[in-house]
Each structure stands twice: as C-alpha cells, then as structure tokens.
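Colleague: This one is new to me. Please walk me through the labels and what stands behind them.

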Amino acid sequence: MWAHRAPTAAAPCRLVRQAVPSLTSLPLCCCPVQQPSCTHISFLSFLLCQAGGFCCQTETMAKPAQGTRYRGSIHDHPDFDPGQDAEALYNAMKGIGSDKEAILELITSRSNRQRQEICQSYKSLYGKDLIADLKYELTGKFERLIVGLMRPLAYCDAKEIKDAISGIGTDEKCLIEILASRTNQQIHQLVAAYKDAYERDLESDIIGDTSGHFQKMLVVLLQGTREEDDVVSEDLVQQDVQDLYEAGELKWGTDEAQFIYILGNRSKQHLRLVFDEYLKTTGKPIEASIRGELSGDFEKLMLAVVKCVRSTPEYFAERLFKAMKGLGTRDNTLIRIMVTRSELDMLDIREIFRTKYEKSLYSMIKNDTSGEYKKALLRLCGGDDDAAGQFFPEAAQVAYQMWELSAVARVEMKGTVRPANDFNPDADAKALRKAMKGLGTDENTIIDIITHRSNAQRQQIRQTFKSHFGRDLMADLKSEVSGDLARLILGLMMPPAHYDAKQLKKAMEGAGTDEKALIEILATRTNAEIHAINEAYKEDYHKSLEDALSSDTSGHFKRILISLATGNREEGGEDRDQAREDAQVAAEILEIADTPSGDKTSLETRFMTILCTRSYPHLRRVFQEFIKKTNYDVEHVIKKEMSGDVRDAFVAIVQSVKNKPLFFADKLYKSMKGAGTDEKTLTRVMVSRSEADLFNIQQEFIEKYDKSLHQAIEVREAGAGAGGLPCRMAHLCRATRCASFVPKQIQGLGPGL
C-alpha cells in the first residue's frame, strides 16, 4: 500500500499532470472532515487546497460540512419566510397574465431546500400544487427552467431520465451526462425518486431502452457502488493498468468487460493514478485508447466517465460550451446543467469555463439566450467573470500556482517525421526518378518517400539525384507536380531556414502583407532558427530580412518584428527581482497598475523589450508575478487593452511562451474552421513543425478540441474532395500513428494554396 492517501480532488488539468506527474500523489487535502460524498473539487480549488487555501465541497444540495468551502452560486436566502414567499408567488400568478419577473426573482434567489418549504406552504395556504400552477402560468424554456428549479435534485434527474427514454428514440447524451457524473449517494437518491415518481424500476427501464455494452455500463453505474476508499493500492493500480492495456491495445478486438469493470467500480482516487500510470506505461492517455478501441454511445459514455473522474466541473464546463457554440442552443442541456449544478460546483465550472474558453459563462449565456429565460439563467450563473479579462481572485492565485508547477516541467518535444530506418538515398533517388519518368507521374510514390524521410535525409536524396542523373530534383518535382501538392512537396524538400525565409518573402510580396504569417514565424522561432533564417534570406533574395521588414511594415509593429528578427532573446534562466520589475512595467503599460511611473513612450519600449528579448523561463516568471500583482492574466489584458497587429504580435509571443504546441494547435484548428480551408497556414504549420513538435501539437489539439488532428483533416478532405490538400497533410500527421487513422488513397488536388 502507498503510505499516502490519494487526493479526493479531481486530477489536475492535463498540462500540469504532464508537467508534474507526482501532483496526483500529494497528501490528502486539508479538509478536516472527509465524507464519502466529497468526491471532487475543481482543478483550481485543488491547487489552492494543496497550497494551504480552501478545500473541497460536498456534492449535495445542502450546506457544506465544517472545514469545506461552498462552491454553489445559489445560497440560502436570509430572513427566509416560506409563507410570505408562497403568498408572493400566488399574487404573481393571480388574475390575467403573470408577473414573470417576480417569479424568477424569487425562485432564483432561494435555495432548493427553501423552495421545497415554499411548495409545502403554498399547498397549506391555498390547497393547490405550486408546480402545477407554475406549469399553467409559464411557457416554453422559461417554464422548463423554473419547474426544474422547484424539484429536488434527485427528482429533477429522474424527470430528465424519464424524458430521455420516453417516446420514439433515446436521448443517450442525457443518460450519459447524468449517470457518468453523479456520486453514489446521488445515484441512490435518483433510483428512489424515479420509483416514487413513476412507480417503475429505473434499471428495468434503462435495460428496456438500451442495448449492448452501452447498456451494461449504464447498469453498472446505476448500482451506485463505486469504491470510495481514499487509500489506494499500488499493486492494484499496476494490475488495472496491465488489464486495461491487455484488454485493448494488446488484444485482437477488445475485451469491453474489463473496461466496464474497472471504470465502473474503482474509486476516483484510484482511477486517477491508473490513468497516470497508463500514460507512463503505454505512452498514450487512456482517452486515446478508448477512442481507438471502443465506438458509438459506449465510447462516449466511457469518455464521459474518464472526464468526470479527472474533473467533474471541467466536464460540465465543456458540456455548457458545446450547448451554446455554433448555430442554435441545446436548451435542454443548458437548463439541466444550470439547474443541477447551481448548488454544487457552479463557481468551479465558471472558473474552468473562463480559463479554458477565454470568455465567461455569463457572457456566453447572455449572448445566446433572451428574455426572462436569459435573466433566470444569469442569476443561476451568479456573476460575470469577463470584466477586462479578470479572473476570480482565487483563480488568479491558482494561475500563479500553475506557472509555479509548469516551471519544473520538462516536456519532450517530438516531431512526427523521423529519420527512416535503413535509409538508402541511392534507392530513393532512383524511385523518385522512376515516379517522374514517362507519361504521367506516380504521386503516391513521391508522397510516400518524401513524407517518410527527415529533412536531412531529403537533402541527401537531392544530392544523390544530381550525382546520378545530372538533374535538379527540385526542378523535376516542379515540372511534374503542380498546385497544392507542389507547394507541399517542395516545402518539405527545402531546408527549414530556407523554407521559413521563403514564407516570410511571400508574406511581404504583392499589394498586401500577410501580417499573421510574419508574426507566426518570428514569434515562435529560437535564436538559432532566427539566425539561420536571416542567412537564408540574404542568400536567396540578396537583401537583409531587416531591410525587407522595414520597407513593408511600420510603427510599433515594425519595431516588434525587427526586434524578434535579430534573434537576441536571452537564453538564461529567470531573475526573480527583475521579473517583479518587468511585471510592474507590464501592469503600467496595460494601465492596471496602482501607481504608474515613467512616461508612456518609455514604458512601451520597455514592454516591447521585455517580451521580445527576455528568455522563456524568465517570461514565465514575469507572467506569474503579473498575476500575483494584479489578479489579471497578461494575455487577457493584452487582448482587451491593445488592438491590431501589435496586439496580435504580443499575444502570439505570450502564447508561445506559455505553450508553443498549443499555439500551433489553435492555428491549425482555425485554418480548417468554417466553410473554407486556409491552405497557406495549414501547409506552413504542418511542414515547419513536422520534425519539431507536431506530435505535441497533436496532443494539444485533441485535448482542446475533443477530436484528433487527423479527424479534423479528414473532415476537410471530405469537403475538398477525395484528394484535396488536407489529405496530403494526413501523411505528416500519421507518421506517429495518431489514434486509429486509416490512410486514404491519394488522388487529385484541392483548391489553390
């Protein structure tokens, strides 16, 4: 047995889990009273707890136990009088029409316990059922929301499940959300409420409406028998890791029973350690194995269980975001979550939502809904966290802790293209010559060779090709392939510095300037890479890069680019005293410092110098000190206070310092988002990062967007036609066998690059 207890907190976010694997082995949190229902806190709350701050809350609609901190947004109303409230509601519904404002004001300012007392008083005073009267007086989404609030949590869940399995079809997402996220105690209360409300057995109804492994896992969750002991056996963790690996990755087919038994019964504390050990043992997160081995509703259910084990508030933040993003709103999901989490962990959900999606839950609800329905939802939300990019004070402290922990991270950067084993440049040169000889061109052979050789090996092939055939391979490729394929293949054949130099040249050619390309390259390259780009630019275009930038840009933006293009970023560690001074400069230039000092022009120059020349470790410390000093995140403030190309350049630098692979994952996602594809950005990132950190970019992509990079590429391929440019990209993406990618036949070409 381990000498420590596994923390009852939800596992930290993936970034810090990777950075500090031992984080999940910290001692039990500071809560002096541990209860079985105390099964999770938000990642933010967890870090503060371990730092000596507040602790976890219980998942019941009641006051938290002594020593815990309440994380709901709805509180008991002071000076509560159920009789007076019952009379107020009666008057609001009396006569023609109803006073909806009064109804929502009263109900959303009372706790669930108090609402039950109001129901009792209403019946005693008027001999009528309050919920029935509310149903009669109200309509639509507003009625569903208010009536949902009037039910006890267990009965609310029971009603949702009854609706999900009634009539034609089944709302599997509702079943998954409720049964994957509830505690043992909540499951038992749900089963009893269902029996009481509908005089039916919930398990029998679930079995009658579902099938297969999906049904089996739902039945397991319905038992409410997940282990709750916080003492974890190291031997059992290792055994479960081995059993899961053998049931999936090492087996022809999948032993679903093992996944069901382990994920359906082991304690959350135990499973968090299993997930960490699984990643160490197999080199991939458990989610990737589930996506590769399972399918359909069963896969979705198991992924939901994993997410809730890691962090229930983060799971609900994601559900809320998806309910409101894009065209239309999934109101049933929105109502269900806002009602059922308002007295459990709404503050945790808000914190994670703000940090993960860079907008507040409040603002998204405000922009996506209307009328009394919107007003009621906003009251349940409890507050707007979006003022000038501001965090909760405790969230700012946690962001500081995140930087502290990530400072010790040593995440290995990996590309997806690696040197080919048994490399034979002579054979490759001959194969390429044959592929381009005669009528037609064997594009498959060209793609297969070039995307499976490192850049250094491609340069050897070029030299061998010239030695054997007296021909220039690049010239032959230009004459044999065209359009998007030519740009992709020729990009891969160029040395990295010359490729970047060409991209910079193209960004400054013609009538306009591609500022985003300039920012992307200059803000993310190392000193050595910048120096090589300068040499390549001078060699290829007989002009210095600095002169080119000076003639094509202007103002503060030009100064930022030229500073980055010198490649003079410091390469040492952090200086804490200097970091505090730099954070003060940042606070003053962004106009949030309490005591501004110095003229603005001088401060602007110093701010640019800090971001463009300080080392990455030092800048991470500056960002920490900025949060500590102001309760703001520097990236959010830059977005709020600045504009145009200067803002974009500074944001790119900050994002690159924080997490460079995530910066590129965002670039890739945006290049494929919407109706068309930004082939220039897609090609540039895939080519330039294929040997640097594309593997890490893939991991960030799947973590943030809940789909793999290859899946996103396949979607674009379907839109562009069977042989579009995105299909070419899949070869670079799948070089490390990203989850379950099935190579497609390479055909035709997509729209111009």
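Colleague: Why are helix 29 and helix 31 called roughly perpendicular to each other?

Modeller: Helix 29 (residues 496–507) and helix 31 (residues 527–541) pack at an angle of about 65 degrees, with axes 8 Å apart. Axes here are lines fitted to C-alpha atoms, for helices over the stretch in contact, and angles run from 0 to 180 degrees between N-to-C directions. Under 35 degrees counts as roughly parallel, over 145 as roughly antiparallel, 65 to 115 as roughly perpendicular and the rest as oblique. Therefore helix 29 and helix 31 come out as roughly perpendicular. This is a predicted model, where local features need pLDDT of at least 70 and side-chain atom pairs count only at pLDDT 80 or more, while totals for chains, interfaces and linings use all residues. Residues are numbered from 1 along each chain as its sequence is written, and side-chain values use heavy atoms, with hydrogens and water left out.

Colleague: Is the crossing of helix 29 and helix 31 left-handed or right-handed?

Modeller: Right-handed. The near helix has to be turned clockwise from the far one by less than a right angle for that name; anticlockwise would make the crossing left-handed.

Colleague: Which residues make that contact between helix 29 and helix 31?

Modeller: On helix 29 they are A497, H498, D500, A501, K502, L504 and K505, and on helix 31 they are A532, I533, A536, Y537, E539, D540 and Y541. Contact means heavy atoms within 4.5 Å. By class, this contact of helix 29 with helix 31 has eight nonpolar, one polar and five charged residues. Ala, Val, Leu, Ile, Met, Phe, Trp, Tyr, Cys and Pro count as nonpolar, Asp, Glu, Lys and Arg as charged, and the others, Gly among them, as polar.

Colleague: And what makes helix 18 roughly antiparallel to helix 19?

Modeller: Helix 18 (residues 312–324) and helix 19 have axes that come within 9 Å and cross at roughly 150 degrees. That is why helix 18 gets the roughly antiparallel label against helix 19. Their crossing is left-handed. Helix 18 brings T312, F316, R319, L320, A323 and M324 to the contact, and helix 19 brings T333, L334, R336, I337, M338 and R341. Sorted by class, the contact of helix 18 with helix 19 has seven nonpolar, two polar and three charged residues.

Colleague: While we're at helix 19, why is D331 called buried?

Modeller: Buried means under 20% relative accessible area, exposed over 50%, and partly exposed in between (1.4 Å probe, protein chains only). D331 has 15%, so D331 counts as buried. D331 sits in helix 19 (residues 331–341). Leaving out residues up to four places away in sequence, D331 touches K141, R144 and Y373.

Colleague: Where does Y373 belong?

Modeller: Y373 is one of the buried residues of helix 22 (residues 371–381), along with A376, L377, L378, L380 and C381. The buried residues of helix 22 pack against helix 4 (100–107), helix 7 (140–150), helix 19, helix 20 (346–357) and helix 21 (361–368). Just after helix 22, G382 has a positive phi of about 95 degrees.

Colleague: What do you call R113?

Modeller: R113 has 42% relative accessibility, so R113 counts as partly exposed. R113 is in helix 5 (residues 112–126).

Colleague: Is M686 buried or exposed?

Modeller: With 0% relative accessibility, M686 is called buried. M686 has its place in helix 39 (residues 679–689). M686 and T416 are 270 residues apart along the chain, with 9.8 Å between their C-alpha atoms.

Colleague: What makes E199 and D422 exposed?

Modeller: E199 reaches 70% relative accessibility, so E199 counts as exposed. D422 has a relative accessible area of 79%, so D422 is exposed. E199 is in the loop between helix 10 (184–198) and helix 11 (202–209), and D422 is in the loop between helix 23 (393–406) and helix 24 (425–436). E199 has a positive phi of about 50 degrees although it isn't a glycine. D422 also has a positive phi of about 50 degrees, and isn't a glycine.

Colleague: Stepping back, how many helices and strands are there in the protein?

Modeller: There are 42 helices and zero strands. Helices (H or I, at least four residues) and strands (E, at least two) are DSSP runs, numbered from the N terminus. Of the protein's 753 residues, 55% count as buried.
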